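Q: Could you take me through one helix pair in this model up close? I'd like to know how the two pack together and what the rest of the chain looks like around them.

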Amino acid sequence: MTTTTTAAPPVQAREQAHPVRRRRRGLSPGRRLPASRLIGPALLLALWAAASAAGQLDPGAIPAPWTVLRTAGRLWSAGTLPTDILTSLERAAYGFAIGLAAGVVLALAAGLSRVGEALIDGTVNLNRAIPTLGLIPLFILWLGIGETFKIAIIAIVVYVPIYLNTHSALSGIDSRYVELAEVQGLSRFRFIRQIVVPGALPGFFVGLRLGVTGSWLGLVVLEQINATSGLGYMMFQAQNYGQSDVILVGLLVYGIFGLVSDSAVRLIERRVLSWRRTLSS
């Protein structure tokens, strides 16, 4: 009696017959939606409201969310909050623009020239090692106690991370691309446009996000020094009168500005670097 043995189909044949849909791995699977970033703040707000409703928080120290919203509405109706917001936005915009331009120019000068790197890189790293807020007394002596020194400090806070990350990206460009550009005989302009700029953009956007956040952090402190308007000035005055609800209004506005500006930079980054496959995409 002969026994017929049926051989198992090869692994490759089984995979072709029943293809397995593999999920691409990543730190955050799928394409993240901008709205998903609001889940954390919304949860924190819900916990704050629940704790306030349950009487677990001291209203004098941490007012309820609805109290803060009423205070924000009152300040807006009085015209105080819009004026302070516009003043803060103006200071942040001037300082950010100067810091952005300085960071990019210095990074390109140091990344494209050995002489530039010798003169600039060490100086910037020395600047990074010095606490920026520790420069405030010196800048007040140099520039006075008006708006100029505030904008200058914000510019320093912004340019350092932009320079460091952009310069690091330039240093990390694959040397094979540089050799290929030399073989192809690319001009200086085409070399910068086709090799340098695409290679530096990922690091530039990382520095840009850090610079945007840093500009708001620096503004909180600077607007409490000889200011007559601005969100920081409003919070400083509220501290003198024990108005914790006004302080929380200022903090919430700063937080909203920081979140919106960071989201805007990330959106621009996603569009500009759409060709670049990363773990987060």
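A: Here's a look at one helix-helix contact, followed by its setting in the chain.

Keep in mind that this is a predicted model. The pair to zoom in on is α4, residues 80-112, and α9, residues 188-222. Their axes come within 9 Å and cross at roughly 145°, and the crossing of α4 past α9 is right-handed. On the α4 side, the contact is made by Ser 88, Leu 89, Arg 91, Ala 92, Phe 96, Leu 100, Val 104, Leu 108 and Leu 112. Facing them from α9 are Arg 188, Ile 192, Val 196, Phe 204, Leu 208, Gly 211, Val 212, Trp 216 and Leu 219. Sort the residues of this contact by type and you get 14 nonpolar, 2 polar and 2 charged.

Now zoom out. The chain has 11 helices and 0 strands, so to speak an α pattern from start to end. Among contacts between residues at least 6 apart in sequence, 73% join residues at least 24 apart. Of the 281 residues, 33% are buried, and the accessible surface comes to about 17700 Å², with 64% of that belonging to carbon and sulfur atoms.

As for confidence, the mean pLDDT of the chain is 82, with 85% of residues at 70 or more. Two stretches stay under 50: residues 1-8, which have 0 contacts beyond four places in sequence, and residues 24-31, for which the model has 9 such contacts.

Note on methods: Residues are numbered from 1 along each chain as its sequence is written. This is a predicted model: local features need pLDDT of at least 70, side-chain atom pairs count only at pLDDT 80 or more; totals for chains, interfaces and linings use all residues. Side-chain values use heavy atoms; hydrogens and water are left out. Axes are lines fitted to C-alpha atoms, for helices over the stretch in contact, and angles run from 0 to 180 degrees between N-to-C directions. Helices (H or I, at least four residues) and strands (E, at least two) are DSSP runs, numbered from the N terminus. A crossing is left-handed if the near helix is turned anticlockwise from the far one by less than a right angle, and right-handed if clockwise. Contact means heavy atoms within 4.5 Å. Ala, Val, Leu, Ile, Met, Phe, Trp, Tyr, Cys and Pro count as nonpolar, Asp, Glu, Lys and Arg as charged, and the others, Gly among them, as polar. pLDDT is the predictor's confidence in each residue, from 0 to 100. Buried means under 20% relative accessible area, exposed over 50%, partly exposed in between (1.4 Å probe, protein chains only). Accessible areas come from the Shrake-Rupley method with a 1.4 Å probe; for residues, only the protein chains shown count as cover.
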